[in-house]
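Please describe how the strands and helices of this chain are arranged, and which residues stand out in the loops and contacts.

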Amino acid sequence: MRQAVIFCAGELEHPEFYFQLPIKKDALIVCADGGYRHAQALGLVPHMLIGDFDSSEGGLPEIPKMTYPVRKDATDSFLAVDYCLEQGCSELWILGGVGSRWDHSLSNFYLLRYIHQRGGKGILRNENNEVFLISSEVILPKREGWYLSLLPLDGDAKDVTVEGVAYPVENATYYLADSLGVSNQIVEEKAKINVKQGILLGIFSKDLKK
């Protein structure tokens with residue numbers, strides 16, 4: 001499974017958490033426009049820069065780049081995802097995908113659906129949150145201090161069974177726009193989640209340290 005890391009132009013207050021992620025040294029590193037500043041902060045040299053570069057500050061480095069016009073039918077993040085999929089990557093980590101622009105942030109959540117449709121696995125990540133899709137059975141290890149929320153993505157998720165958590169459910173329906181799946185916790189060594197119909201957003205979250 002080839003990995004890719006996409007740095008977007010959203011917020012990463014403490015980007016050094018990157019070095020605790022299970023990302024391989026040979027992962028393809030792509031920056032979507034202003035996401036290059038996050039790679040710079042980490043001392044990483046991306047393999048490709050993609051976008052219209054309307055949010056990039058200063059001059060661009062001598063790195064391979066794909067430049068698009070500002071007036072286009074796709075976001076820079078979408079173009080970066082497409083590029084990574086075309087390069088044969090099947091696990092895509094999207095970092096800096098959430099920020100002050102809620103339109104772009106929500107669009108990046110939907111990118112997980114697009115990656116899933118293309119046969120890949122997408123993970124949207126920042127310091128305190130990790131988001132992914134669940135459409136069948138998955139096993140998730142316990143994370144001390146983290147909450148696990150399960151929210152239906154594009155319609156009701158039916159026949160959902162969740163084991164190994166503080167609030168288990170069996171053959172339940174997670175209705176769209178309901179809050180049933182918010183703020184659960186894994187209490188055993190592993191949790192097992194099985195979705196027979198529909199797609200859930202799996203969200204690991206922890207509170208900000210003050």
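## Strands 10 and 11 and their sheet

Strand 10 (residues 157-163) and strand 11 (residues 169-174) run antiparallel and are joined by three bridges; helices (H or I, at least four residues) and strands (E, at least two) are DSSP runs, numbered from the N terminus, and two strands pair if DSSP finds at least two bridges between them. The model is predicted, so that local features need pLDDT of at least 70 and side-chain atom pairs count only at pLDDT 80 or more, while totals for chains, interfaces and linings use all residues. Residues are numbered from 1 along each chain as its sequence is written, and side-chain values use heavy atoms, with hydrogens and water left out.

Within this pair of strands, V160 has A172 of strand 11 as its bridge partner, and V162 stands opposite V169 in strand 11. The two strands form a hairpin with five residues between them, and G164 in the turn has a positive phi of about 80°.

Strands 10 and 11 belong to an open sheet of four strands, in the order 8-12-10-11 and with antiparallel pairing. At its edges lie strand 8 (137-141) and strand 11, each of which pairs on one side only. Direction ignored, neighbouring strands of this sheet are turned by 25° against each other on average, where axes are lines fitted to C-alpha atoms, for helices over the stretch in contact, and angles run from 0 to 180 degrees between N-to-C directions.

## Strand 7 and its two partners

Strand 7 (residues 129-134) is mostly covered, with five of its six residues buried; buried means under 20% relative accessible area, exposed over 50%, and partly exposed in between (1.4 Å probe, protein chains only). Strand 7 pairs in the antiparallel sense with strand 6 (residues 121-125) over two bridges, and a hairpin joins strand 6 to strand 7 through three residues. Strand 7 also pairs in the antiparallel sense with strand 13 (residues 200-205), over six bridges. The opposed residues named for these strands are set out below, together with those of strands 10 and 11.

| Residue | Residue opposite | Strand of the residue opposite |
|---|---|---|
| V160 | A172 | strand 11 |
| V162 | V169 | strand 11 |
| L124 | V131 | strand 7 |
| L133 | L201 | strand 13 |

## Helix 2 and its packing on helix 3

Nine of the 11 residues of helix 2 (residues 76-86) are buried, so this helix is largely enclosed by the rest of the structure. Its buried residues are D76, S77, L79, A80, V81, D82, Y83, C84 and L85. What covers them includes strand 1 (3-7), strand 2, strand 3 (48-51), strand 4 (65-67), strand 5 (91-95) and helix 3 (102-117), contact being heavy atoms within 4.5 Å. Helix 2 is followed by G88, whose phi is positive, near 90°.

Two packed helices are described by the angle between their axes and the distance between the axes. Helix 2 and helix 3 pack at an angle of about 25°, with their axes 10 Å apart. They are therefore roughly parallel to each other, since angles under 35 degrees count as roughly parallel, over 145 as roughly antiparallel, 65 to 115 as roughly perpendicular and the rest as oblique. The contact is made by S77, F78, V81, D82 and L85 of helix 2 and by N108, L111, Y114 and I115 of helix 3. These residues divide into six nonpolar, two polar and one charged, where Ala, Val, Leu, Ile, Met, Phe, Trp, Tyr, Cys and Pro count as nonpolar, Asp, Glu, Lys and Arg as charged, and the others, Gly among them, as polar.

Y114, which has its place in helix 3, touches F78, V81, D82 and L85, not counting residues up to four places away in sequence. The C-alpha atoms of Y114 and F78 are separated by 9.1 Å, although the two residues are 36 apart along the chain.

## Two loop residues with positive phi

D33 has a phi near 50°, a positive value in a residue other than glycine, and lies in the loop between strand 2 (28-32) and helix 1 (36-41). With a relative accessible area of 2%, D33 is buried. S183 likewise is a residue other than glycine with a positive phi, near 60°, and its place is in the loop between strand 11 and strand 12 (190-197). At 38% relative accessibility, S183 counts as partly exposed.
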